[in-house]
2 protein chains.
Amino acid sequence: MDISLARLGEIQTNHGVVKTPIFMPPGTQATVKAVGPDDLEKIGLEILLVNALHLHLRPGEDIIEGMGGVHRFMAWERPILSDSGGFQAWSFNQRADLSRITEEGVEFASPLDGSKHFFTPEKAIEIEHKIGADIIMAFDECAPDNDDRDYIKKSMQRTHRWAERSLKRHQELSKQESCSDKKSPLIFGIIQGGTFSDLRKESAKFITNLPFNGVALGGETIGYNMPRTLEIIEELKSILPKDKPLYAMGLGASPSDIIEVVKRGVDMFDCVNPARIARHGGLYSGKFVITDRDISFESDFKDGILKIANSCFKDDKLPIDENCDCYSCRNFSRAYLRHLYLAQEPLYLRLATIHNLRFMIKLIHFLRDNIEINL
Amino acid sequence: MDISLARLGEIQTNHGVVKTPIFMPPGTQATVKAVGPDDLEKIGLEILLVNALHLHLRPGEDIIEGMGGVHRFMAWERPILSDSGGFQAWSFNQRADLSRITEEGVEFASPLDGSKHFFTPEKAIEIEHKIGADIIMAFDECAPDNDDRDYIKKSMQRTHRWAERSLKRHQELSKQESCSDKKSPLIFGIIQGGTFSDLRKESAKFITNLPFNGVALGGETIGYNMPRTLEIIEELKSILPKDKPLYAMGLGASPSDIIEVVKRGVDMFDCVNPARIARHGGLYSGKFVITDRDISFESDFKDGILKIANSCFKDDKLPIDENCDCYSCRNFSRAYLRHLYLAQEPLYLRLATIHNLRFMIKLIHFLRDNIEINL
């Protein structure tokens, strides 16, 4: 592995240290879909994501605060990062064909009941403080890649002003919290700029100059358009801070994507994909090998994904992955998982999710070990 | 509790001793819906049910046998009882408006693809031996309560002939198995006779005179029409064997039902209801109390069922049941479970099922303890 930029790090949070590189599965509704916190502990998960906008709509931040915070609410005592909901407001609006973004904030329709809501940077930060996440994200606009340069620029500049407003509200709340027992979270800023190199650089300079605890790469491109994502990361190399964590938002659809960005100095990433493809019958199987100081992912299956519905597995006694130590692989055959999948049994969702998440955690451990060896 | 008929027992099986009274949750598709074998072990489950007809249709008994039997297949090393499928053949036919029952067997349409299948007592017993259950059931006809006396009598007499055929095939297979490593199961016969006292008595005499290892009360009435079920059990008291387990099939929709039949000498019961109502938002909450040598079930909630969707639980910090020691009650609030239920999160199904099954197991322990004290 070319380790010239790959790095190891530690983030001190209110619920312990997060080692980096780290994969963070989304637990959007205050639950990582189909698995319990007991499963996540056994998987070796170190941190998960929740979403301020989703939790605002249901059950509401006041209820979560009243229950003692999101950790107590979902029985997860390790670190939690909350996304502010900039991406969701955009995504809901895409569906509802709405786009009411003003300098003040964004109006969006709830996917639950169609009701109208208005989010501002201040409101997002207040929700993130209320639910009690360990790392919170500034509120940004996630502009789609197919918008023209003028719009992307305008949107980016607004995101910068929103970053300042997010930070200001965070600082005010942190000051209040310092007078109480409540511990304040860390806050990360988000770089936008679409697919345009000069805008991305401008945004990176702006965001890194603000006193955020970490910086994130946001926008539709990141993780979605991997070739361009890798170029952007390389183009921003000299601007991005050496002493703060770098988070690529929504990236991690495949083990290979993670390997590529870790090699380029990205510390954190989240993606719903490993859990989602698991639920739809796609299970990771393969191994990581080091060749010529590079890391590759080898598998008998296309893209490293075993499709459990395939009839060739109907009497297959092997576990999903012979090298895996997860609960699912230690106890169940491909034949049984295929049976559960075809019978649409809820247990399939749990066993499949446990496996794919454990696979990502093992990849992270493998990367960390090899970065350490090469340091 | 009036313990004149309540009793304690032990059944030796190929996978250990089953103590009675015992509640057995159905794991129809070789999985107790929404929970894993790890959950079931923690719940303290001693035995579960599978269904020969369902497993024949998917994945097929040959696949299960090839995988090393149903225990290995589903990673459950404690006892398993298999139902023969008499009830399911009837139930599928009710839906499909088919009713092709002959002396030889029953034709039914698969609920998976509408394909036609023909089941005979011999075939059912062969499947039950192949999958490797510890206790197997004879093949019977489950006649509906609303059939006339002539049909119920005719059907009962055919069920008696099927019982003899089931037993004969079981004995042949057991003889073959004694020459191999394979251990043979126990076999139970099923009493029919609808709601008619004289037919039930005739059936009880016939079945108890055959060399079955246990006897079961079958038919639509049992568990479904509880007042009549209790009368039938009392009417058969002098006929039913003292030295063999008595199994009330499909009974156990509520804690009260179980208390009533245990008091009348029933040893085994199964019902999909505790797990099903859990999935639909109904969670047991209450306690068992002894008054005047009787046991009753006291609860703040109607029928002892807390309806988690109720808005009064939206910020309720209490567990489902303050006296419960299950994983769900030790870690999560009613508010969180309500949130998961409304968000239709799969984790809800698991946590709810864990609770209701643990509740039934605790009821069983409570009954056993009190029978022992009163012996």
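**Two chains and a pair of helices**

Let me begin with how the two chains meet: 100% of the interface residues of chain A are also interface residues in chain B, so the copies meet through the same surface. Please keep in mind throughout that this is a predicted model.

To that contact, chain A brings 34 residues and chain B brings 34 residues. On the chain A side, the helices that each supply at least two residues are α3 (61-66), α4 (70-74), α13 (327-331), α14 (334-342) and α15 (346-374), and the largest share, five residues, comes from α14(A). If we sort the side of chain A that touches chain B by class, we find 19 nonpolar, seven polar and eight charged residues.

Turning to the symmetry, a turn of 180° with a shift of 0.0 Å along the axis lays chain A on chain B with an RMSD of 0.0 Å, and the two copies are therefore related as by a two-fold rotation axis. Within chain A, the C-alpha nearest that axis belongs to A:Pro346, at 3.5 Å from it.

I would like to finish with one helix pair in chain B, where α7 (residues 149-178) packs with α8 (residues 197-208) at an angle of about 5°, their axes being 11 Å apart. Because angles under 35 degrees count as roughly parallel, α7(B) is described as roughly parallel to α8(B). From α7(B) the contact draws on B:Ile152, B:Lys153, B:Met156, B:His160 and B:Ala163, while α8(B) contributes B:Leu199, B:Ser203, B:Phe206 and B:Ile207. By class, the residues of this contact comprise six nonpolar, two polar and one charged.

Conventions: Residues numbered from 1 in each chain as written. Chains lettered and ligands numbered in written order. Predicted model: local features only at pLDDT ≥ 70, side-chain atom pairs only at ≥ 80, totals over all residues. Contact = placed C-beta atoms within 7 Å. Helix = DSSP H or I, 4+ residues; strand = E, 2+ residues; numbered from the N terminus. Nonpolar A, V, L, I, M, F, W, Y, C, P; charged D, E, K, R; others polar. Least-squares fit on C-alpha atoms with pLDDT ≥ 70 in both. Axes fitted to C-alpha atoms, helices over the stretch in contact; angles between N-to-C directions. Parallel < 35°, antiparallel > 145°, perpendicular 65-115°, else oblique.
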